[in-house]
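Colleague: I am new to this structure and would be grateful for a guided reading of it. May I put some questions to you once it is displayed?

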Amino acid sequence: MGLLIVQKYGGSSVADAERIKNVARRVAESARLGHRVVVVVSAMGKTTDGLLALAAAITSTPDPREMDMILSTGEQVTIGLLAMALQSLGHPACSFTGSQIGMVTDAGHTRARIKRITAERIHAALDAGRVAVIAGFQGTTEGGDITTLGRGGSDLTGVALAAALKADVCEIFTDVDGVYTADPNVVPDARKLPRVSYDEMLEMAALGARVLQARSVEFAKKYNVPVHVRSTFKPDPGTLVTREDHSMEDVVVTGITHDRGQAKVSILRVPDRPGIASRVFGALGAQNIVVDMIVQNISRDGLTDISFTLPRADRTRAETVLTGLAREIGAEGVAADDRVAKVSVVGVGMRSHAGVAARMFETLSAEGINIQMISTSEIAVSCVIEDKYTELAVRALHDVFALGAERGV
Ligand code: ADP
Ligand code: ASP
Ligand code: MG
């Protein structure tokens, strides 16, 4: 008896008709080996970005329900095309949307959370010897409204389906052949990691390593789904994301990540008294804006500056909310800066090794890079710096922590 495999193919893997045919050949190969295959696909190429741009040309405050109506169309094109491509190879296949497989989510449009998956039609298709081709990134509310699962959400569809179907593995096929010590498109001598723990992967994903969506890693950890990140274009094995074992702790630093998707917002010369922070962050929370790093300066003359980072996409909304609030609480004003990036050093070994933060600051300083904000977790240290120094910072840190191909392992 073969395995039950969930394979997810990302946007660049299905960017045009030729690539979709290539994916069909890979899927058919797995099916011919006797495995039952469920395929999850993303929208073709940069389709989702294009749909977002279209909506932005209509309004700067799109209704999230309508946004999901638009965004979900991208994946629907790919599933039809891939099912046709498989059929053309003589392999029975059938495509399904999120709602057709019972991917039920809450009503948090554009970042919905999965409540349950019935997957009846997937089982029926597999039992009939067909490949089930599923639209990633989308679900449905109890009431039948279309939802989406946040950017990169097809990864979550893949992992959640693997958990629901009790699949043997979830294979994430992408344009790189695994998880690297840093983005291989930024650091030429980055090294492929054969294995990485769920916790490290979660931290790397949350801190900007796009290769897996952070929520999908959270899900994989919770349901213990083995995830194999590998190349669509090469047969080589990739990176296994799995439970931590003792050998992993010997490595202090696993990788360097960067995130250019954030903005820094400051409220200037705020009266330094109890209740102000709660009003500021309460107002942002009420708008569903998730704040990341927060820094409050030492107060002078009873006034202080509060700075924080948030997703760049939420910057305009945050400025609107805070400009009104600044007047109410007697602050001088609000300043926002998009030209920032967050660079981070990640590794589970940091739990038991000191000195990583100091080395990171030293390295940035030696390159003449000013640190605007700092935050730490048990297994990561992050700094916000000026955007234009991102590559320099990532490469310098990759070097200092000896993660490169020649010196590693
Ligand atoms: P897909 O369309 O297949 O979902 P993504 O663009 O979302 O692909 O993710 C793959 C990209 O993630 C790679 O092209 C690479 O530039 C980027 N990336 C960032 N950090 C890493 C890392 N540590 N290892 C591998 N890839 C990374
Ligand atoms: N198409 C969606 C996106 O671009 C989902 C995905 O590709 O994972 O975010
Ligand atoms: Mg992706």
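Modeller: A residue is counted as near a molecule if one of its heavy atoms lies within 4 Å of that molecule. Please keep in mind that this is a predicted model.

Colleague: Which residues are around ligand 2, and to what class do they belong?

Modeller: By class, the shell comprises one nonpolar, five polar and two charged residues. The residues that form the shell around ligand 2 are Ser42, Thr48, Glu75, Phe137, Arg151, Gly152, Gly153 and Ser154.

Colleague: Which residue has a side-chain N or O atom 2.8 Å from a nitrogen atom of ligand 2?

Modeller: Three polar approaches may be set side by side. A polar side-chain atom of Ser42 is 2.9 Å from an oxygen atom of ligand 2, and a backbone N or O atom of Ser154 is 3.0 Å from an oxygen atom of the ligand. The nitrogen atom of ligand 2 in question lies 2.8 Å from the side chain of Thr48.

Colleague: How much of the accessible area of ligand 2 does the protein cover?

Modeller: On its own, ligand 2 has 260 Å² of accessible area. Of this area, the protein covers 87%.

Colleague: Turning to ligand 1, which residues come nearest, and how much of its area is buried?

Modeller: There are 18 residues around ligand 1, and those that come nearest are Thr174, Asp175, Tyr180, Asp183 and Asn185. An N or O atom in the side chain of Asp175 is 2.9 Å from an oxygen atom of ligand 1, while a backbone N or O atom of Tyr180 lies 2.9 Å from a nitrogen atom of the ligand. Taken alone, ligand 1 exposes 570 Å², and the buried share of that is 88%.

Colleague: How many nonpolar residues are in the shell around ligand 1?

Modeller: The shell around ligand 1 includes four charged and six polar residues. Its nonpolar residues number eight.

Colleague: Which are the edge strands of the sheet that contains E18 and E20?

Modeller: This open sheet has four strands in the order E13-E18-E20-E19, with antiparallel pairing. An edge strand pairs on one side only, and here these are E13 (255–259) and E19 (373–377).

Colleague: What is the bridge partner of Val343 in E20?

Modeller: Strand E18 covers residues 340–346 and strand E20 covers residues 380–386; the two run antiparallel and are joined by seven bridges. In E20, the partner of Val343 is Cys383.

Colleague: Which helices pack on this sheet?

Modeller: One helix, at residues 198–206, touches E13, E18, E19 and E20, and its direction makes about 170 degrees with that of E18. Another, at residues 356–366, touches E18, E19 and E20 and makes about 20 degrees with the direction of E20. They are, respectively, H6 and H10.

Colleague: How many residues lie between E19 and E20 in their hairpin?

Modeller: E19 and E20 pair in the antiparallel sense over five bridges, and Ser377 stands opposite Ala380 in E20. The number of residues between the two strands of the hairpin is two.

Colleague: What is the order of the strands in the sheet that contains E14 and E16?

Modeller: Strand E14 (residues 262–271) runs antiparallel to strand E16 (residues 303–311), with eight bridges joining them. The edge strands of the sheet are E15 (294–296) and E17 (333–337). The order of this open, antiparallel sheet is therefore written, with pairs as defined by at least two bridges, as E15-E16-E14-E17.

Technical notes: Residues numbered from 1 in each chain as written. Chains lettered and ligands numbered in written order. Predicted model: local features only at pLDDT ≥ 70, side-chain atom pairs only at ≥ 80, totals over all residues. Heavy atoms only, no water. Contact = heavy atoms within 4.5 Å. Axes fitted to C-alpha atoms, helices over the stretch in contact; angles between N-to-C directions. Polar contact = N/O pair within 3.5 Å; in protein donor to acceptor, adjacent residues only side chain to side chain. Areas by Shrake-Rupley, 256 points an atom, 1.4 Å probe, with all protein chains shown as cover. Nonpolar A, V, L, I, M, F, W, Y, C, P; charged D, E, K, R; others polar.
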